[in-house]
Amino acid sequence: MSLSPISDGSSVQIGALVPLTRPGWVGAGRHLLAGLELAVRDVNDAGGIGGRPLELVVRDTAADPRKAAAAVEELAGLGVSAVAGEYHSVVARSAAARADALGLPFLCSSAVLDALTEQPTEWVARLSPPQSRGWRVYADFLLGAGHSRIAVATQASVYWATGTRILRDHFAARGGTVVEFDMNALTPSALCDELVNTGATALLLLVGHPDPAVPIVKAVRGDQRVAGLLIGAPAGQPEFAEWAASLGEDSAAIPFLRYRPERLSPLGARVETTLREQLAQAPSFVAFEGYDTVTVLADVLRSHGTDRARIAESWPRVAVEGTRGQIRFSRTPGISVWQWRWAPVHVVDRDPGEPDRFRVLHAG
């Protein structure tokens, strides 16, 4: 029920960047868009932005940095007040660079690369925690569980290379070791051959989904020579229902990073119920990131209007209750954008006895 009537005036538009087609992670894109759209509905039910309806202008990035940059250019020309969204880090980096160059506010929902822009910018803010924080939390979980020598199966990407470096530096400082395997040169079965003599007690999947991540899990779980090897996926692949659908029982006991608290706020619980009905499955943390993105932008638009420069100037004054806690942005050393510093970070896995249930293994 609306708190105030929506006028017949023009809408306030926000651009939304979402991977909705392959090779983008379509499942993540679907969840991100569901969160964005639900928040827009809630904003409009509460009277919109000063009586004007809030509207999303959605563009599919398909995990392509060039498509994302072109979309930002198009959206800027269409007159949107700000741009939101994106899941893939390399794509978000391209979008952020273009938004910065055009003077268009961009609130990034899900991408984690520390260097989202080459130079510090006033135009970009981010909800998801930086990769350096999340992946160090994950490394601490592994070390605490006794895994001091780990292997990583990786592919060529700035995101995977940065993650490998974070892990390598964190482990080296604590007497641990990281062994790297290039999955552009190895088959899953050949990877198993290599793992036998490494002495590694954990294998991390720094690779795309579903291929080669799913075939690697099947190969490792089916090879008695590496029985007992922990498989991990810090990038969060097991969060999504298609992971469980692809792997069945093998989808469980694979720890990953999840950016939501163990217990949601009353707002978060309500949003979770609605998203579950909308998606016909449990909403991922990415859906909550989408909802929180619009919640923040709506608050800024109500308080500071639709002028792009005023929106960008407002980042350090944001204080908004989201689904996963109070959101404030600050400057963080080594991070080039305005950052929600205290986004929740947990290491979780799917329960082997009940793969649709998640177990919290470690809190960051």
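The legends below describe close-up views of a predicted model.

Residue numbers start at 1 in each chain and follow the sequence as written. In this predicted model, local features need pLDDT of at least 70 and side-chain atom pairs count only at pLDDT 80 or more, while totals for chains, interfaces and linings use all residues; side-chain values use heavy atoms, with hydrogens and water left out.

**Figure 1. Overall dimensions and composition of the protein chain.** The protein chain contains 11 helices and 16 strands; both are DSSP runs numbered from the N terminus, helices being H or I with at least four residues and strands E with at least two. The C-alpha atoms fill a box of roughly 70 × 40 × 35 Å along the principal axes. The radius of gyration of the protein chain is 21 Å, which agrees with the value near 21 Å for a compact globule of 364 residues; it is taken over C-alpha atoms, and the globule rule is 2.2 Å times the number of residues to the power 0.38. Of the 364 residues, 56% are buried, where buried means under 20% relative accessible area, exposed over 50%, and partly exposed in between (1.4 Å probe, protein chains only). Among contacts (heavy atoms within 4.5 Å) with a separation of 6 or more, 70% are between residues 24 or more positions apart.

**Figure 2. The open sheet of 7 strands****.** The strand order is 2-1-3-4-5-14-13, with mixed pairing; two strands pair if DSSP finds at least two bridges between them. Strand 2 (54-60) and strand 13 (329-330) are the edge strands, each pairing on one side only. Inside this order, strand 5 (residues 124-126) and strand 14 (residues 338-340) run parallel and are joined by 2 bridges. A125 stands opposite W338 of strand 14.

**Figure 3. Strand 6 and its parallel partner, strand 7****.** Strand 6 (residues 149-154) is largely enclosed by the rest of the structure, because 5 of its 6 residues are buried. Strand 7 (residues 177-182) is connected to strand 6 by 6 bridges. One of the paired positions is A153, whose bridge partner in strand 7 is F181.

**Figure 4. Surroundings of H209 in the loop between strand 8 and helix 7****.** This loop runs between strand 8 (202-206) and helix 7 (213-221). H209 is buried, with a relative accessible area of 12%. Beyond its neighbours within four places in sequence, H209 is in contact with R22, W25, V214, Q237, E242 and W243. The loop also holds P212, and the peptide bond from D211 to P212 is cis, with omega near 10°. A second cis bond, with omega near 10°, leads from R22 to P23; P23 is in the loop between strand 1 (12-18) and helix 1 (26-45).

**Figure 5. Two alanines with positive phi, A62 and A253.** Most residues other than glycine have a negative phi, and most peptide bonds are trans. A62 has a phi of about 50° and sits in the loop between strand 2 and helix 2 (65-78). A62 is buried, at a relative accessible area of 7%. A253 has a phi of about 55° and belongs to the loop between helix 8 (241-247) and strand 10 (256-258). A253 is partly exposed, with a relative accessible area of 25%.
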